[in-house]
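Trainee: Got a minute to go through this one with me? I'd like to start with how a helix packs, then look at the cavities and the odd backbone spots.

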Amino acid sequence: MPVLQRPEAEARAHLLDVHRYEVALDLTHGDEEFTSRTVIHFTAREPGDTFVEIRPATLHAATLDGHPLDPAALDDNRLPLTGLAAGPHELRLDATMRYSRTGEGMHCFTDPADGEDYVYTQLFMDDIQRVFGAFDQPDLKAAFELTVTAPPTWTVLANGRTEQLPDGTWRAAATPRISTYLVAVAAGPWHSVHTEHAGLPFGLHCRRSLAPHLDADVEELFDLTRRCYDRYHEIFEEPYPFDSYDQAFVPEFNAGAMENPGLVTFRDEFVFRSAVTDTERQTRGMVIAHEMAHMWFGDLVTLQWWDDIWLNESFAEYMGYQVLSEATRFRDTWTDFAIARKGWGYDADQRPSTHPVAPAPEDVPDTASALLNFDGISYAKGASALRQLVAWMGEKDFLAGINDHFARHRFGNATLADFLDSLARATDRDVHAWAARWLRTTGVDTLTPTVTEDAGTWHLDVAHTGSRPHRIAVGAYDPDPGHPDRLALRDRFDVDVPADGAPARHTFPKAAPALVVLNDGDLTYAKVRFDAASWETAARALSGLPDPLTRAVVWNAARDLVRDGELAPTAYLEAARAHLPHESELAVVQGVLAFARTQLADRYLPSSPSAPSSPGQPAATTRHTALTTLTALSRDILRRTEGPGHGPEAGLRLTAVRAFIDSATTPEGIQEWLADGVVPGGPTLDHELRWRILTRLATLGAAPLPELHDLIDAELARDQSATGQEGAARCRAALPDPEAKRAAWQALFGTDPGSELSNYLFTATATGFWAAEQQDLLRPYVARYFTEVPTLAVRRGPALAKAAGRWAFPAVLVEEETLRRGEQCLAEGDPTPALRRTLDDQLADLRRALRVRAAAVR
């Protein structure tokens with residue numbers, strides 16, 4: 001499919017002024033196709049030629065100003081519009097469109113729990129043409145008027161308030177001027193809950209089968225929405241710009257959520273059907289706050305072209321965490337950001353595919369390249385950069401610049417230069433120079449302390465590897481006299497680390513502290529190191545640091561040291577074993593366990609013992625030893641949380657139960673839990689925990705295959721939901737059986753259109769298939785993967801290409817042969833852009849894992 005080139009978009013924006021779309025959709029033609037009729041009112045500023053995008057099953061008719069166009073002129077997704085005269089025009093398109101099963105365009109889903117059908121749109125970045133014809137680029141904003149014909153039991157949601165007309169069709173209120181990618185429709189027999197706040201209707205919507213779970217959290221969800229809404233109105237001078245605020249939790253959604261004006265769509269895993277931790281509730285709250293921020297930054301003021309995607313995502317990411325911490329009960333959001341989100345940015349920024357937060361225009365020449373930049377850099381690094389900007393210029397001036405930006409560009413489009421000009425008007429600081437250092441460069445800076453002392457004073461020098469200036473806080477800690485296993489803050493002071501040249505030496509009275517923490521408070525984006533004495537103190541007393549955000553900074557530093565081959569994975573595991581049983585911050589426990597389980601155990605440590613490097617030396621620590629350590633650690637937390645648990649203790653216990661299951665090396669214990677339906681001392685097993693145990697038992701081959709198949713079938717009979725279907729697919733693919741692997745592979749890569757998996761079932765099957773315990777069984781599939789995945793990506797499109805690159809990649813086979821095959825695929829297999837980027841990242845992570853293993857052996 002031709003992708004839109006930036007010069008084409010610029011030429012079309014120069015030629016056209018688009019006023020209004022009238023769109024009529026008919027969703028009553030079954031679950032394969034729907035009809036789409038579009039009228040576009042636009043003006044040509046001068047005579048010229050252009051095109052409109054549409055990707056139909058059949059284009060039945062097209063007319064321009066009443067004159068028929070030849071449908072056969074449609075070239076893939078482009079219908080030429082030639083010989084336009086200057087002045088107003090009316091384009092009509094009549095087409096039949098296909099539903100999607102990959103979360104792109106108009107996605108159709110049948111709920112296995114009750115057989116009900118649901119459809120919803122996801123039109124980002126160039127998928128509106130899968131639903132109706134459009135001039136599909138962000139700077140051709142227009143008003144949209146939608147009518148939808150739907151089955152009689154359905155409710156239709158859209159960007160504006162909807163009403164059902166006497167003839168049964170649904171009409172949505174006309175939108176203000178918005179970009180094409182922000183149009184939204186969601187239709188089905190929704191379970192809906194409504195309220196009103198500040199004179200505005202609020203709604204929550206989900207599938208009927210999830211109704212009890214949504215109802216259980218309605219008050220929390222509405223409370224978060226109201227609080228965030230009120231906080232945004234305190235800090236933004238521009239009022240909420242749309243006529244309603246609906247939040248729909250939709251099935252098989254690829255992203256976390258989408259900021260459609262007036263109708264935010266979320267993946268419906270955020271309707272919790274099993275027990276979750278408070279940190280997971282906080283994450284849901286952050287996504288609510290993030291998407292609401294987009295109503296202003298992204299929807300009211302929209303990027304002009306996709307090189308400025310950070311203007312949308314970095315801003316919403318920053319505001320999501322900040323507003324949630326200011327307006328709700330979730331006060332430690334930045335700790336969660338540090339331990340669970342920031343590493344996403346660090347990892348992406350150290351791969352060959354890294355790019356600036358704000359790429360140069362020539363680096364985003366088309367929509368395909370733009371789509372690749374929705375990553376940890378545009379989200380986590382960009383939000384970190386904004387947090388540093390606020391620390392540097394002050395929150396008051398920052399918000400003044402933001403409000404100036406909204407006022408100047410409301411319902412229009414803006415660029416990075418526009419944004420920086422607004423900030424510059426609010427401060428005497430040189431924000432353009434700051435942006436050149438922070439937003440136009442790549443890579444992660446590293447800050448390294450040197451601590452010396454003499455004559456009753458101590459000195460701090462901070463070495464800087466990188467290109468950015470940093471304003472950081474430095475924490476100095478000593479043992480707490482009354483509690484030797486704890487640390488007390490002696491002093492915290494600000495340090496400016498210049499972009500170039502040596503920073504000034506900092507001298508303080510008294511002896512050197514036991515621990516010096518650079519970037520205490522996590523206000524900048526940089527890897528930090530320790531002096532030798534500080535690391536010795538941290539390894540001994542990390543859990544005794546008084547502030548959870550400081551502990552997160554130290555754990556992040558340890559993570560980076562492992563990834564850079566400067567700290568043995570075993571040392572990280574030892575620190576986790578020593579300190580997590582005493583850690584009170586859920587986000588820290590979850591983040592450290594996740595890194596230890598998925599990276600250390602599955603990638604950085606070998607699956608079997610290596611030969612001793614010399615006689616008398618022990619073999620290197622293996623994955624099995626790491627898993628044993630993690631199960632022992634989980635038992636420690638379970639013992640600590642015995643008894644009736646509420647709040648944080650319940651979350652810690654649930655986290656430990658999950659970690660114990662995922663790290664189990666034998667079926668003993670978890671098999672009994674499944675049979676009894678409860679963990680001794682709690683919790684009772686819900687659907688999520690039962691499927692988690694069953695997946696682990698299947699992976700371990702904990703029983704004869706017929707018995708395991710019976711267990712999977714019985715569990716699916718208990719849980720006939722979409723999540724149950726995914727759990728069964730994951731378990732079946734995880735079985736250590738050649739026939740099970742063949743069947744799973746066929747499901748993933750088979751070419752029969754009638755049996756292609758949806759995006760969620762594909763991911764579930766892929767994650768079950770690649771089990772680190774089954775490397776000998778899986779090794780023959782490495783060559784097949786790199787041979788077959790390029791064809792899959794072409795056949796099934798960008799969303800499945802990304803899923804195949806991420807989840808179906810043979811990541812557990814950390815071997816030179818995997819690397820060789822992958823590099824050959826990149827060189828000779830002609831992968832699509834979405835697949836190429838994902839494979840490039842996976843191979844970079846594979847090279848790092850091989851380096852970490854080699855460093856551990858040395």
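**Helix packing, cavities and backbone oddities**

Mentor: Sure, and keep in mind that this is a predicted model. What covers the buried residues of helix H10 includes helix H7 (377-393), helix H9 (416-426) and strand S24 (470-480).

Trainee: Which residues of H10 (residues 431-438) are buried, and what arc do they cover around the axis?

Mentor: The buried ones are Val431, Trp434, Ala435 and Trp438. In an α-helix there are 3.6 residues a turn, so residues three or four places apart point the same way. Here the buried residues sit on the same side of H10, because the arc they cover around the axis is only 100°.

Trainee: Okay, on to empty space. How many cavities of 30 Å³ or more are there in the whole structure, and what volume does the largest cavity have?

Mentor: Rolling a probe the size of a water molecule over the atoms shows where empty space is left. Searching the whole structure turns up four cavities of 30 Å³ or more. For the largest cavity, the volume comes to about 60 Å³.

Trainee: Which element gives the most to the lining of the largest cavity?

Mentor: The lining includes Tyr346, Asn519, Lys527 and Asp560, and its residues divide into five nonpolar, two polar and three charged. Strand S28 (527-528) and helix H12 (548-563) each supply at least two of them. With four residues, the one that gives the most is H12.

Trainee: Asn519 is in that lining. Is asparagine 519 buried or exposed?

Mentor: Asparagine 519 lies in the loop between strand S27 (515-518) and S28. Its phi is near 60°, a positive value in a residue other than glycine. With a relative accessible area of 2%, under the 20% cut-off, asparagine 519 is buried.

Trainee: And alanine 198, which has a positive phi although it is not a glycine: buried or exposed?

Mentor: You'll find alanine 198 in the loop between strand S15 (191-197) and strand S16 (200-206), with phi at about 50°. Its relative accessibility is 59%, and the cut-off is over 50%, so alanine 198 counts as exposed.

Trainee: Last one: where is the peptide bond to methionine 125 placed, and what is its omega?

Mentor: Methionine 125 sits in the loop between strand S9 (117-122) and strand S10 (143-149). The bond leading to it from phenylalanine 124 is cis, with omega near -25°.

Key. Residues numbered from 1 in each chain as written. Predicted model: local features only at pLDDT ≥ 70, side-chain atom pairs only at ≥ 80, totals over all residues. Heavy atoms only, no water. 1 Å grid on protein atoms, 1.4 Å probe; cavity = no way out; pocket = protein on both sides within 12 Å on 5 of 7 lines; lining within 4 Å. Points joined across faces, edges and corners; volume = space filled by probe spheres on them. Helix = DSSP H or I, 4+ residues; strand = E, 2+ residues; numbered from the N terminus. Nonpolar A, V, L, I, M, F, W, Y, C, P; charged D, E, K, R; others polar. Buried < 20%, exposed > 50% of the residue type's maximum accessible area, 1.4 Å probe, protein only. Arc of directions from axis to C-beta. Contact = heavy atoms within 4.5 Å.
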